[in-house]
Amino acid sequence: MRDLNKKGCSMMQQDLDERVWSVFGREEALGNDMLDAIDHGILVGNLAGLLAVELGCDEAFYREIMRAGMLHDIGKLQIGKFLYGRDDAVLQVEEMKYVRMHPKLGYETLQLFGGFSDMLLQAVLHHHENYDGTGYPDNMRGEKIPLAARILRICDVYAALISERPYREAFDSETAVEMMIDEARHFDMRVFLAFLSVVHSEGIKEMWEFVESVNRQIRARGKSKATTEGCIAIDINQLRGQIDQLRKARGKWEFWAAEKYRAAGIEMR
């Protein structure tokens, strides 16, 4: 009976992870935006998984926080059309309004899609809340912010800082951490201190292979306006084909955090 239960759990796990990937296939996304969202999600999901282990969270939480990390920016794929092709002066005024819509858009997208836990949905909705109450969309403060969202907030900032962006080069880990310390009021200090332990652990070195690979791809692809605008009109069937290729290329997206969880003495089903 135990083997049958483990097999059933494994099948449910596979179905849910397939569902995570399927969400991207439903988006009318820009090509490069979709690629970046997936790579960023993989990075945030794995960082969040390691942080959950460091905090002593159970396996169910670990699994959900990784999925939440993978999907946390899904709402951004709906706002790219509002950000491209605009006058620079208009962008300065309008960009933040659109960007701040993405947690709620992501939450609504995943609600509509169905099958995701309330913990995951709340983490996606509140991953830009700040511990001091200055975040969005609801200006939540302190412990009122769900733990999963507090974890994602920290991992999201770090992942963004160490990644290439169209407007700047990636920061090294030490510089990224120093910048985060300067903004530490935004973070739950207990979670942030655990995160610093993760960042300075031996296991984090494995993550950098993935980070450097992604940053090389971004640099090779170039950041010209023509390249980005050329990706705007994508047929939905073509998009689904791209998602399928990405899924195969990335393999099992939880590429190393599960091993860390086993090392913590918790059996993975």
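**Exercise 1. Describe the order of elements along the chain from the N terminus on.**

Solution.
Step 1. Read the elements from the N terminus: α-α-α-α-α-α-α-α-α-α-α-α-α-α.
Step 2. Count by type. This predicted model has 14 helices and zero strands.
Step 3. Look at burial. Of the 269 residues in the protein, 52% are buried.
Step 4. Look at contacts with a separation of 6 or more. Residues 24 or more positions apart account for 74% of them.

**Exercise 2. Find how α3 and α8 are oriented to each other, and name the residues that meet.**

Solution.
Step 1. Recall the method. Two packed helices are described by the angle between their axes and the distance between the axes.
Step 2. Locate the helices. Helix α3 covers residues 59-71, and helix α8 covers residues 147-161.
Step 3. Take the values. The angle is about 50 degrees, and the axes are 10 Å apart.
Step 4. Classify. Angles of 65 to 115 degrees would be roughly perpendicular, and angles under 35 degrees roughly parallel. α3 and α8 are therefore oblique to each other.
Step 5. Give the hand. The crossing of α3 past α8 is right-handed.
Step 6. Name the residues. From α3 come F61, I65, A68 and G69; from α8 come L147, A148, I151 and L152.
Step 7. Sort this contact by class. The contact of α3 with α8 has seven nonpolar residues, one polar and no charged.

**Exercise 3. Describe the buried side of α7 and its packing on α8.**

Solution.
Step 1. List the buried residues. In helix α7 (residues 118-125) they are L120, L121, A123, V124 and L125.
Step 2. Find what covers them. The cover includes α3, α6 (102-113) and α8.
Step 3. Take the packing values. α7 and α8 pack at about 45 degrees, with axes 8 Å apart.
Step 4. Classify. That angle makes α7 oblique to α8.
Step 5. Give the hand. α7 passes α8 in a right-handed crossing.
Step 6. Name the contact residues. M119, Q122 and A123 of α7 touch A148, A149 and L152 of α8.
Step 7. Sort them. The contact of α7 with α8 holds five nonpolar residues, one polar and no charged.

**Exercise 4. Work out how α8 packs against α10.**

Solution.
Step 1. Take the values. Helix α10 spans residues 189-199. The axes of α8 and α10 come within 10 Å and cross at roughly 45 degrees.
Step 2. Classify. α8 is therefore oblique to α10.
Step 3. Give the hand. The crossing of α8 and α10 is right-handed.
Step 4. Name the residues. L147, R150, I151, I154 and Y158 in α8 meet R190, V191, F192, F195 and V199 in α10.
Step 5. Sort them. The contact of α8 with α10 has eight nonpolar, no polar and two charged residues.

**Exercise 5. Is D73 buried or exposed? Which residues does D73 touch, not counting residues up to four places away in sequence?**

Solution.
Step 1. Locate D73. It sits in the loop between α3 and α4 (80-83).
Step 2. Apply the cut-off. Buried means under 20% relative accessible area. D73 has 8% relative accessibility, so D73 counts as buried.
Step 3. List the contacts. Leaving out residues up to four places away, D73 touches H40, H102, H127 and D156.
Step 4. Compare sequence with space. D73 and I38 are 35 residues apart in sequence and 8.9 Å apart in space, C-alpha to C-alpha.

**Exercise 6. Is E59 buried or exposed?**

Solution.
Step 1. Locate E59. This residue lies in helix α3.
Step 2. Check the value. E59 has a relative accessible area of 12%, so E59 is buried.
Step 3. Add a distance. Ten residues separate E59 from G49 in sequence, and their C-alpha atoms are 9.7 Å apart.

**Exercise 7. How many disulfides does the structure hold? Are C57 and C155 buried or exposed?**

Solution.
Step 1. Recall the bond. A disulfide is a covalent bond between the sulfur atoms of two cysteines.
Step 2. Count. The structure holds zero disulfides.
Step 3. Check each cysteine. C57 counts as buried because its relative accessibility is 13%. C155 counts as buried because its relative accessibility is 0%.

**Exercise 8. Describe the backbone at P137 and N139.**

Solution.
Step 1. Locate the residues. P137 lies in the loop between α7 and α8. N139 is found in that loop too.
Step 2. Check the peptide bond. Y136 and P137 are joined by a cis peptide bond, with omega about 15 degrees.
Step 3. Check phi. In N139 phi is near 50 degrees, a positive value in a residue other than glycine.
Step 4. Check exposure. N139 has a relative accessible area of 47%, so N139 is partly exposed.

Methods:
Residues numbered from 1 in each chain as written. Predicted model: local features only at pLDDT ≥ 70, side-chain atom pairs only at ≥ 80, totals over all residues. Heavy atoms only, no water. Axes fitted to C-alpha atoms, helices over the stretch in contact; angles between N-to-C directions. Helix = DSSP H or I, 4+ residues; strand = E, 2+ residues; numbered from the N terminus. Parallel < 35°, antiparallel > 145°, perpendicular 65-115°, else oblique. Left-handed = near helix turned anticlockwise from the far one by under 90°. Contact = heavy atoms within 4.5 Å. Nonpolar A, V, L, I, M, F, W, Y, C, P; charged D, E, K, R; others polar. Disulfide = S-S within 2.5 Å. Buried < 20%, exposed > 50% of the residue type's maximum accessible area, 1.4 Å probe, protein only.
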